[in-house]
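Work through the exercises below with the structure open. Try each task before you read its solution.

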Amino acid sequence: MTKLRPKAESQGEGPDGGYGWVLVGALFVSTSLVFGLMRSLGIFFVEFVQYFDESAQAISWISSTGLAAQQFFSPLGAALCNAYDTRWVVMTGGCLAALGLILASQATCLVHLYLTMGVISGLGWGLVFTPMVATVMANFTRRRTLVLGLAFSSIGLSSFAFNPLFQLLVELYTWRGALLILGGLSLNIVPCGALIGPQRRSKAPAKVVSESGVSCASFLQRASSYLELPLLFERPYITYTLAISLLNVGYFVPYFHLVAHSRQVGFSEYQAAFVMSAAGATDILGRIASGWFSDLGHFRLIHLLSVWTTLAGVFIMLLPVSSLSGSYAALMVISLLYGFCSGALTSLVFAVVPMIVGVERMMGALGLLQLIESGAGLLGAPLSGLLKDITGDYTASFMVAGGFVVLGTLTMVTLPHYFSRKDPPPPKSLSPEDPDKGLHAELEQMHSSPSDMNDLTGEVTNNRLPEDTYS
Amino acid sequence: MSASWKQLSLQILLLLVSCRHINTKTPGPTPPPLIPIDQLPTDVRSVTLKGESHTEKVELLNPVNLTLECTWTGNQDKLANITGLWRKDGEEVKNSNQTVPMENDQYNLKRVFSIVNEEDLGNYTCEFGSKAKIDFVLAAPQIGNVRDKPIVSYVGDFAVMTCKMEETKPEPSTWYWYKANGTDMEQIIAAEETLRYEIKNEGRNTKLVVSSLVETDRGLYFCGAVYAISTSMSHVELKVISFLEPLKPFVAIVIAVIVLVAIILLYEKSQSKKNSTAAENGTTDQTNTQTQGESNAPGESSSMRQRKV
């Protein structure tokens with residue numbers, strides 16, 4: 001059933017169904033095991049502080065290292081997928097992530113944890129996330145954003161499930177046993193990678209076929225093409241990456257400081273924690289809703305993204321204002337709205353990338369994007385912490401964070417063809433068979449009036465029947 | 001003359017008592033007070049009762065001559081006299097039975113108690129007939145938030161057990177740790193006993209670190225906050241498990257993953273075998289697939305095949 005599919009997607013448009021949904025399931029599971037797991041590591045921190053007798057700040061570097069490693073090694077993962085088979089890269093990543101956690105269970109000092117849970121697992125996660133996202137995006141065109149939204153909703157859902165699960169594991173087996181079992185759980189990424197099947201994405205390597213021999217120059221040239229480094233010289237990509245980096249500076253601040261801010265304003269521990277949980281719930285809703293809405297095709301993805309980021313920035317700035325009055329309801333409402341907007345923009349951030357760089361270069365583009373935005377993310381939390389230490393409360397931190405998010409939106413506005421009603425064609429690829437024609441035509445059809453959409457739907461439905469006979 | 005002899009004999013007795021070796025089986029080797037009873041500090045606690053009963057918590061740190069004063073506004077009977085009585089822990093205090101007259105529309109009971117050591121602490125009750133009573137609960141500061149979940153650690157690893165006295169309560173003079181041995185026999189753990197135990201006392205907190213754990217280390221541990229008057233106890237449970245415990249679910253998960261991957265890869269292999277035979281026969285399949293994609297350059301599929309690494 002599935003072997004004949006690779007021919008259809010070699011153009012970069014996914015068949016939008018059938019086996020693609022299996023891949024969405026695989027992405028759902030692997031994302032939850034990467035980011036959902038990362039988010040629930042807080043349970044271990046209390047144990048680490050007690051066992052290693054270190055400060056909370058030293059312990060928090062573990063998850064910062066893990067996240068930074070995941071984002072730093074993303075281009076490496078993308079390049080390896082361009083060079084080799086995606087499934088083996090993802091399966092290796094899964095094994096590395098599991099290995100990091102298993103080794104961490106034997107740690108005797110804090111540095112061990114940095115190296116194992118931070119670097120090794122982070123490397124594994126980097127080899128998993130970007131390739132899986134790129135694979136799924138390559139398999140879907142019209143439902144791309146919805147599928148991403150569904151898959152990323154796993155982060156919120158799994159952290160609901162993981163928090164009590166990890167707590168139970170720590171109580172039964174202490175953190176060592178719990179980390180060992182987590183390593184086992186992380187191994188479930190390997191079957192997700194195996195589901196990808198051989199050569200499941202289209203990457204025209206024609207440009208590198210001519211290279212032969214193992215000279216240094218040819219290696220560097222191949223590496224740079226696998227990493228899609230030439231992208232760094234293209235204005236649309238640079239602009240977009242800059243916008244997302246600015247977004248990243250402010251985006252995470254509420255996750256770090258909302259609970260502390262609520263407590264400082266005077267609410268109880270449970271009230272503050274509930275605000276955070278509620279924001280997390282609307283986050284999940286936002287991802288799915290925005291994914292579904294974006295794929296209806298009424299607006300360009302970049303416009304929708306700008307709307308969500310502006311709203312998110314505004315709501316971040318309103319967070320300290322709402323609690324000024326001391327009203328719990330106001331804080332709750334703003335937090336819910338913020339959660340919804342931040343989830344909504346997450347689905348879109350990745351989906352816009354193929355619009356800008358084309359589907360073939362998507363893998364490398366995503367990798368580089370992750371790397372560059374990671375630097376910005378590392379800046380955000382310490383900056384907001386510093387502002388809080390200077391001014392004494394979180395108002396300045398939230399204002400600055402929201403400001404960065406809005407600044408990111410403004411940067412996005414400077415993208416070429418921002419104000420046109422239709423998406424511009426992605427840049428010409430260098431492969432001899434010109435896939436752009438097909439891509440361009442497909443994009444035009446996607447973003448034209450709804451009446452055309454119905455024709456397209458009809459077409460796809462008709463075409464789907466032969467598919468079904470294979471399954 | 002006899003009073004001073006009594007005092008002297010008491011002091012000699014106290015001196016003898018304090019010379020005993022501290023390795024005792026009873027908890028709380030509180031240093032016995034060497035101050036004569038007359039020279040103890042004094043304190044007063046008064047309670048005015050409006051209803052039928054009331055409980056008053058009294059926190060004591062040091063030996064004290066404590067005056068307990070009870071005032072009752074009376075009930076509708078408004079008797080001229082009522083019997084007043086003191087009890088300690090339910091038992092009547094000798095010579096405390098008296099007749100209490102009503103003065104200024106209330107009844108007054110007052111008595112001085114010498115609270116010197118742990119036995120003197122407890123529940124003191126002043127009773128007005130059988131109609132009203134006030135309970136004074138005399139105790140040293142108790143350790144709050146007792147951890148109900150056991151501390152778990154592995155054989156060969158170390159475990160840290162902590163006890164904390166709340167900020168609102170006064171600091172104990174020192175801390176002691178005990179291990180439950182059998183039903184209620186307890187032993188003091190001294191820091192010099194073995195290298196395995198380490199006690200860190202920091203004012204309000206105390207930590208007991210047990211290294212190189214063995215199975216027999218499991219059980220109940222007691223920490224005692226020592227005050228001049230008595231020792232307040234709290235307990236922590238230690239569980240020691242071997243590394244095989246988490247290994248079982250781990251191995252189960254790994255086996256499940258390997259089986260899953262094997263199934264996926266084998267299924268794919270069988271599918272590709274099926275398709276390679278089918279591809280020879282059915283070219284119609286391929287044309288159908290090509291109409292699927294919005295547009296499709298046949299050349300691209302050949303470059304796909306080229307890419308096998």
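**Exercise 1. Place B:Arg45.**
Task: find the element that holds B:Arg45, then decide whether the residue is buried, partly exposed or exposed.

Solution. Step one: B:Arg45 sits in strand S1 of chain B, residues 42-49. Strands are DSSP runs of E with at least two residues, helices are runs of H or I with at least four, and both are numbered from the N terminus. Step two: the relative accessibility of B:Arg45 is 23%, so it counts as partly exposed. The cut-offs are under 20% relative accessible area for buried, over 50% for exposed and in between for partly exposed, with a 1.4 Å probe and protein chains only. Step three: list the contacts, meaning heavy atoms within 4.5 Å. Beyond neighbours within four places in sequence, B:Arg45 touches B:Val58, B:Glu59, B:Leu66, B:Thr67, B:Leu68, B:Glu69 and B:Phe136. Step four: B:Leu121 lies 76 residues from B:Arg45 along the chain, and their C-alpha atoms are 15 Å apart.

A note on the source: this is a predicted model, where local features need pLDDT of at least 70 and side-chain atom pairs count only at pLDDT 80 or more, while totals for chains, interfaces and linings use all residues. Residues are numbered from 1 along each chain as its sequence is written, chains are lettered from A and ligands numbered from 1 in the order in which they are written, and side-chain values use heavy atoms, with hydrogens and water left out.

**Exercise 2. Survey chain A.**
Task: how many helices and strands does chain A have?

Solution. Step one: chain A has 21 helices and zero strands. Step two: 58% of its 471 residues count as buried. Step three: take the contacts in chain A with a separation of 6 or more; 84% of them join residues 24 or more positions apart.

**Exercise 3. Pair H5(A) with H18(A).**
Task: which way do these two helices run relative to each other?

Solution. Step one: H5 covers residues 74-83 of chain A and H18 covers residues 362-391. Step two: they pack at about 170 degrees, with axes 7 Å apart. Axes are lines fitted to C-alpha atoms, for helices over the stretch in contact, and angles run from 0 to 180 degrees between N-to-C directions. Step three: H5(A) and H18(A) are therefore roughly antiparallel, the term for angles over 145 degrees. Step four: A:Ser74, A:Pro75, A:Ala78, A:Cys81 and A:Asn82 in H5(A) meet residues in H18(A) including A:Met363, A:Gly364 and A:Leu371. The residues of this contact are six nonpolar, five polar and no charged. Here Ala, Val, Leu, Ile, Met, Phe, Trp, Tyr, Cys and Pro count as nonpolar, Asp, Glu, Lys and Arg as charged, and the others, Gly among them, as polar.

**Exercise 4. Visit A:Gln71.**
Task: is A:Gln71 buried or exposed?

Solution. Step one: A:Gln71 belongs to helix H4 of chain A, residues 56-72. Step two: its relative accessible area is 8%, so A:Gln71 is buried. Step three: setting aside neighbours within four places in sequence, its contacts are A:Asn248, A:Gln370, A:Leu371, A:Glu373 and A:Ser374.

**Exercise 5. Compare two phi values.**
Task: what sign does phi have at A:Thr174 and at B:Ser212?

Solution. Step one: most residues other than glycine have a negative phi. Step two: phi of A:Thr174 is positive, near 55 degrees. This residue lies in helix H8, residues 144-186 of chain A, and is buried at 9%. Step three: phi of B:Ser212 is positive too, near 45 degrees. B:Ser212 lies in the loop between strands S15 (205-210) and S16 (219-226) of chain B, and at 43% counts as partly exposed.

Key. Angles under 35 degrees count as roughly parallel, over 145 as roughly antiparallel, 65 to 115 as roughly perpendicular and the rest as oblique.
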